[in-house]
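Good morning, everyone, and thank you for making time for this short talk. Please have a look at the sequence and the structure before I go on.

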Amino acid sequence: MTVNIEQARKRVEELKREIEHHSFSYYVLSRPEVSDAEFDKLFRELKNLEEKFPELLTEDSPTQKVGAAPSTEFKPVRHRIAMLSLANAMSFEELDKWAERLKKALELTDEQERQLAYVCELKIDGLSVALTYKNGVFVEGATRGNGDVGEDVTLNLKTIAALPNRLISKNGGKVPELLEIRGEVYFPISTFLALNKKLAEQEEQAFANPRNAASGSLRQKDPRITAKRKLSLWTYFAYVTDAHMHDPKNHSETLKLLHDLGLPVDSHYKIAHGIAEVKHFCKLWDEKRHQLDYQTDGVVIKLDERSLWKALGATAHSPRWAIAFKYPPEEAETTVEAVEFEVGRTGAITPVACLTPVKLAGTTVKRASLHNAEQIKRLDVRIGDTVVVRKAGEIIPEVLSVKLDKRSKKSEVLEYPTRCPVCNTKLVRTEGEVAFRCPNTYGCASQKQRRLEHWVGREAMDIDGMGEVLIKQLIDAGFVQDPADLYMLTEPELMQIERMGAKSADNILKAIEAAKKRPLSNLIYAFGISHVGASIAELLADQYSSLKELMKASADELSQIEGIGPKIGQAIVEFFDNEINQQFVERLIKAHVSIQSDAKAKPKLEQNLTGKTFVLTGTLETLDRLEAEKLIKAHGGKATSSVSKKTDYVVVGTNPGSKLAKAEELGITVIDEAKLKKLLGLT
């Protein structure tokens, strides 16, 4: 269809708004609303219209920018060298066109192009970062942001085991005085799946893919949460700034330099000669990539000789000497054989499509989550339907659409249950939530089973040998109804369980006894309080000396703890206000389960800050912020995140922000780091 200038202008404005919205959701919020393929389609449509109607191209167009504006939650960092994005090739034809442009710009013959060296690297689907090393020491790390200004995530990057704090040449060579490195922080697939399983157990929103998980984890306010996520890193580029050293002449030499300095470099790269060899590499990894423990959605191709980079230059958006070949999203057709409605630990109902097994992204898919009632209604999915299935982010199976043209005329609309499929209790839906829940918290067999499975889990009470099958057997035998019953089990009771030997029974009883001494953070997590994961449980265990003390805390007091907030604070109060839960705690105490914090075992410091509330703002020079807050608490004080009339001291570092103004407005005492250290007895 022919498009005139006015139609094009209208569509260009629509596309700009839509792309800006999705860029912000992707880069800043780490919550993309569309797939990469859908975003690329919008971006390419805009680019094509701007090429056809050059008068519609403006400086503020998304095609002329990289990423999105950085979040205001982190200190801004201006990149010494702009972090550009890469142009995409969605097919081998587009890859050939890119090679033709290179050949023309460099005035090469066909034979010369066949000898041209390209470096092919797997495209890691993570979060781009800039790492700065001075005299071999890691001093600063930032996200890409808008390409010119990113976010300071130095402390969070320091929690990544793969990132060396100090560079040492393996070959005894000189380490550059100033080195700026480009890398990609990623989430290993195995850890990503474990995290999503944990989030599902807590009935928190799971991450759509490893890229989102990596971005969300790296941009946590609390580095302890980042550390728990076990992120990893590949580095792929370096700028050397040194009076006595120069950038390597070739990109392949740059990768060798990074490896020599102890930085992680993905070993699967290859030097290819001519675009034909490049395409062979892309074909080879189309299948092999599914065997990796990290997500890759394509191949990055760069000219090896760096002198050619300068000759070719770059657009405002991307370099001309590199391109990203992207694999198409993998999809498959299969049939919905049944839909099951699973009941989670907190009663949430999750519909799951049982599928005719189909091969997808290297694995056989038999089940796919339908998420909730709204998703079923939107898709109008029915039993017997032929559906298109894909892996969201090539990890999580999801039903993408229904092939209506293949639907049987006898098919019936899928009815979402109004009663619990396990205990037949009428389902309820809390305002503001999409999930239906079974309110029969303590009587529903499925919830009972899931709570016990959660309780014995590794990050909870870690009771070795207590698996899903044994828990069900104990429930069916009437020996266990809630976690407190586990501590009352006897050997004669266990010996009544089918195929249970004396040695196995003895091992289980020893494991249960050992679990009585787990840290307070494990116990808090084991309760399965809504929104309280392992990291939040650790924050609470750091703040309170015992479970009894935590149970007395008000929602307002809890919400003042950095990383908690009103929603979590209210959930904790409601949990412990419940009489059944109070009785449950008393039974745990009678069973001699420890409810004290580990802090009790540590030597107590002078409690000279008792009753004093501190707020820290800005960057401290010698103290890590978390370390400072722990020291304040160890001396009897409190460290909160917001300034109020109850605040006694505001500790100010560099770039303090609005909290300093609030303190001055309320007439609160403002001190610097030196004064704080004096109060803590450090000087």
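Let me begin with a question: is Glu513 buried, exposed or partly exposed? Glu513 counts as partly exposed, because its relative accessibility is 38%, where buried means under 20% relative accessible area, exposed means over 50%, and partly exposed is in between, with a 1.4 Å probe and protein chains only.

Before going further, I should say that this is a predicted model, in which local features need pLDDT of at least 70 and side-chain atom pairs count only at pLDDT 80 or more, while totals for chains, interfaces and linings use all residues. Residues are numbered from 1 along each chain as its sequence is written, and side-chain values use heavy atoms, with hydrogens and water left out.

Glu513 forms a salt bridge with Lys516, and the closest N and O atoms of the two are 3.1 Å apart; by salt bridge I mean a side-chain nitrogen of Lys or Arg within 4 Å of a carboxyl oxygen of Asp or Glu. Lys516 is buried, with a relative accessible area of 10%. Elsewhere, Asp380, Arg382, Asp385 and Arg407 are joined into one network by salt bridges that share partners.

A search of the whole structure finds 36 salt bridges, and one of them joins the side chains of Glu538 and Lys228, at 2.8 Å from N to O. Glu538 lies in helix 19 (residues 534-543) and Lys228 in helix 8 (residues 223-229), so this pair ties together parts that are 310 residues apart in sequence; helices here are DSSP runs of H or I with at least four residues, strands are runs of E with at least two, and both are numbered from the N terminus. Glu538 is partly exposed at a relative accessible area of 28%, and Lys228 is also partly exposed, at 37%.

Where else do these two residues appear? Both Lys228 and Glu538 line the second largest cavity, together with Asp222, Arg224, Ile225, Ser535 and Leu539. Helix 8 and helix 19 are the elements that give two or more residues to this lining, which by class has 2 nonpolar, 1 polar and 4 charged residues. In this classification Ala, Val, Leu, Ile, Met, Phe, Trp, Tyr, Cys and Pro are nonpolar, Asp, Glu, Lys and Arg are charged, and the others, Gly among them, are polar.

A cavity is a set of points, on a 1 Å grid over the protein atoms alone, where a 1.4 Å probe fits but cannot get out, and its lining residues have an atom within 4 Å of a point. The second largest cavity holds about 40 Å³, a volume being the space filled by probe spheres set on the points, which are joined across faces, edges and corners.

The search finds 3 cavities of 30 Å³ or more, and the largest has a volume of about 50 Å³. Among the residues lining the largest cavity are Val77, Arg78 and His79, and strand 5 gives the most to that lining, with 3 residues.

Those three residues return in my last example, Asp148, which sits in the loop between strand 5 and strand 6 (149-151). Asp148 touches Val77, Arg78, His79 and Ala82, if residues up to four places away in sequence are not counted, and contact here means heavy atoms within 4.5 Å. Asp148 and Ile81 are 67 residues apart in sequence, and their C-alpha atoms are 7.7 Å apart in space.

Definitions and conventions:
On a 1 Å grid over the protein atoms alone, a cavity is a set of points where a 1.4 Å probe fits but cannot get out, and a pocket is an open set with protein on both sides within 12 Å along at least five of seven lines; lining residues have an atom within 4 Å of a point.
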